[in-house]
Amino acid sequence: MTFIQTLATLTPIISVLVFLVLMRMPASRAMPISALLTGLAAAFIWQMDTTILGASIVQGMLDAITPLTIIFGAIFLLKTLAASGAMDTIRAGFTNISGDARVQVIIICWLFGSFIEGSAGFGTPAAIGAPLLVLLGIPPLAAAVVALIADSTSVSFGAIGLPVLFGMDKGLDAGGVSMAAGEMARLGMTDFSEYAQYIAKHMITIDMVTGTLIPLVLVAVLTGFFGRNKSFMEGLAIWKFALFAGFAFTIPAWLINYFAGPEFPSVIGALVGMAIVIPMAKKGFLLPKEQWYDFEGVEKKDTPTAAAGEAKFSQVAAWTPYLVMAALLVLSRVVAPLKSFLLSFNLKWAGLMGTELASGFKTLYAPGAFFVTVCILAFFIFKMKPKAFGGAFTDSCKSMIPTIISLGASVPMVKIFLNSGANSAALESMPKALAALLADTMGAVWEWTAPVVGIFGAFLSGSATFSNMMFSSLQFSVAEQTGNAPALIMALQGIGANAGNMMCVMNVVAAATVVGMAGRESEIIRKTLPIALAYAMTAGTIAFFWGGF
């Protein structure tokens with residue numbers, strides 16, 4: 001590639017960093033500008049086929065429907081429960097576990113969020129967990145940041161193992177034959193699901209260190225960035241409990257992957273973790289006597305408590321919408337007849353603008369449909385007045401406007417980037433060309449480069465699954481060229497994709513929107529970016545000295 005062509009491959013990254021992070025523009029302004037610049041670079045420098053370019057824009061707009069429905073559903077459910085009074089009961093329930101904000105963050109974001117990630121994936125945990133934290137009195141910006149950081153380790157097995165079982169499988173598919181076929185034969189494996197489990201074993205083994213530390217990172221970020229005293233030590237003061245909560249998820253997750261495969265480590269690991277951690281938190285196990293709840297810009301108050309007589313609903317009733325939501329997510333993914341039935345109601349758009357590009361919207365299978373269903377259920381459970389329910393719907397629609405603009409630009413930008421292989425300059429697609437350049441220049445330190453490539457893919461595409469699809473073939477090839485264990489390098493790709501989940505534009509926009517912080521996405525990324533890089537570098541360091549097994 002020439003220098004100008006290299007610059008063109010970096011256009012979406014540079015423009016997003018400049019306009020969103022450095023210039024601190026709201027995503028509703030930064031993303032349309034970035035998309036425009038990416039389109040111009042693709043057309044005039046990469047010489048991308050104009051018809052494919054136009055079709056990519058249409059494809060991106062159609063693909064944005066799914067995340068938009070998830071975000072809308074999460075906001076609608078939050079506002080419905082708030083209008084009904086059920087959220088007051090939920091808030092009381094969490095404060096009865098512990099009035100310590102650090103403990104609440106660990107339970108809601110790390111454990112409950114991991115369960116939602118394992119069930120649904122695609123940014124849903126932050127859309128559910130962040131609003132819950134806000135209702136407990138945690139500042140909205142802090143809630144968005146910690147919810148995004150927490151949604152990392154569990155992403156390996158998100159959406160019932162999709163990033164590994166589907167993303168890596170499709171990424172290694174070379175004309176119907178897996179690039180890993182020789183490696184699988186050497187290991188005595190006949191099916192890719194076995195190899196996926198082997199890769200996942202490397203991932204969760206590394207995460208026995210990196211993942212276990214995430215709860216400790218969460219509380220340090222909470223107190224160090226958002227506490228009144230800006231003290232990281234106030235978060236680290238509960239290091240024993242944080243590590244206990246970390247292992248309560250990672251150990252069961254490791255065991256489930258070892259014995260059953262990568263479909264359920266996040267789901268079962270989170271359930272086991274909650275069953276262990278919540279009772280211990282109530283007893284004050286490994287917790288200091290003094291509880292912490294002291295945020296900058298918030299009037300200092302004693303540990304929040306809730307009088308039992310003030311509760312409008314029972315805890316079971318108040319949690320019913322979320323329990324039904326979780327049940328629908330799990331059942332729709334694991335019960336084959338139900339899954340097939342829901343998938344039969346899909347909208348499909350093939351041959352966009354006469355090209356081979358296509359798009360689709362899984363109307364009933366997408367989590368957004370479940371959100372709306374439980375909102376209607378909540379209307380009847382809580383005997384809401386139609387005016388209150390209608391107000392929740394109207395407020396949800398109004399809050400979506402900046403998000404529609406942001407995602408309506410960012411997803412087409414990603415599609416242009418990914419589909420740029422159709423060009424008259426005989427060039428690979430932009431992501432493949434950029435990744436190949438990295439491989440040529442950074443092969444000697446690929447253990448640290450591999451997770452950065454994974455971050456790069458997730459940052460742009462908004463999905464760990466898609467990052468794995470884009471770069472698994474590159475990672476496998478480089479591993480063979482550099483003499484690294486392919487499964488270990490593939491694991492680093494997956495871990496990097498997980499880290500990218502903390503800072504990818506779509507997830508950040510979603511988290512900011514559901515807590516009422518639309519327009520402040522740059523602040524969120526500036527907080528999550530260093531954590532994502534540290535997460536990836538720590539994993540790379542472990543891999544460098546370990547060498548795989």
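Two residues are taken to be in contact when heavy atoms lie within 4.5 Å. With that in hand, a good place to enter this predicted model is Pro140, which touches Val134, Val515 and Met517 once residues up to four places away in sequence are set aside. Pro140 belongs to helix H8, which covers residues 140-150. Some of its surroundings come from far along the chain: the C-alpha atoms of Pro140 and Ala512 are 8.1 Å apart, although 372 residues separate the two in sequence. Pro140 is partly exposed, with a relative accessible area of 26%.

A helix pair offers a second view of the packing. Helix H4 (residues 65-84) and helix H5 (residues 86-97) meet with their axes 4 Å apart and at an angle of about 95°. Angles from 65 to 115 degrees count as roughly perpendicular, and H4 and H5 are therefore roughly perpendicular to each other. On the H4 side the contact is made by Leu78, Leu81, Ala82 and Ser84, while H5 contributes Ala86, Met87 and Ile90. Sorted by class, the residues where H4 meets H5 are six nonpolar and one polar, with no charged residues.

The cysteines are worth a look as well. A disulfide would call for a pair of cysteine sulfur atoms within 2.5 Å, and by this rule the count is zero. Why does Cys109 form no such bond? The closest cysteine sulfur to that of Cys109 is in Cys504, and at 16 Å it is too far for a bond. Seen from the other side, the sulfur of Cys504 has its closest cysteine sulfur in Cys109, again 16 Å away and too far for a bond. Both residues are shielded: Cys109 is buried, with a relative accessible area of 5%, and Cys504 is likewise buried, at 0% relative accessibility.

Finally, a word on confidence, which helps in deciding how to read the model. The pLDDT averages 87 over the chain, and 95% of the residues score at least 70. Helix H12 (residues 214-226) has the highest confidence, at a mean of 97, whereas strand S1 (residues 173-174) has the lowest, at 64. Over residues 301-309 the pLDDT is below 50, and this stretch has nine contacts in the model beyond near neighbours in sequence.

Terms used: Residues numbered from 1 in each chain as written. Predicted model: local features only at pLDDT ≥ 70, side-chain atom pairs only at ≥ 80, totals over all residues. Heavy atoms only, no water. Buried < 20%, exposed > 50% of the residue type's maximum accessible area, 1.4 Å probe, protein only. pLDDT = per-residue confidence, 0-100. Helix = DSSP H or I, 4+ residues; strand = E, 2+ residues; numbered from the N terminus. Axes fitted to C-alpha atoms, helices over the stretch in contact; angles between N-to-C directions. Parallel < 35°, antiparallel > 145°, perpendicular 65-115°, else oblique. Nonpolar A, V, L, I, M, F, W, Y, C, P; charged D, E, K, R; others polar.
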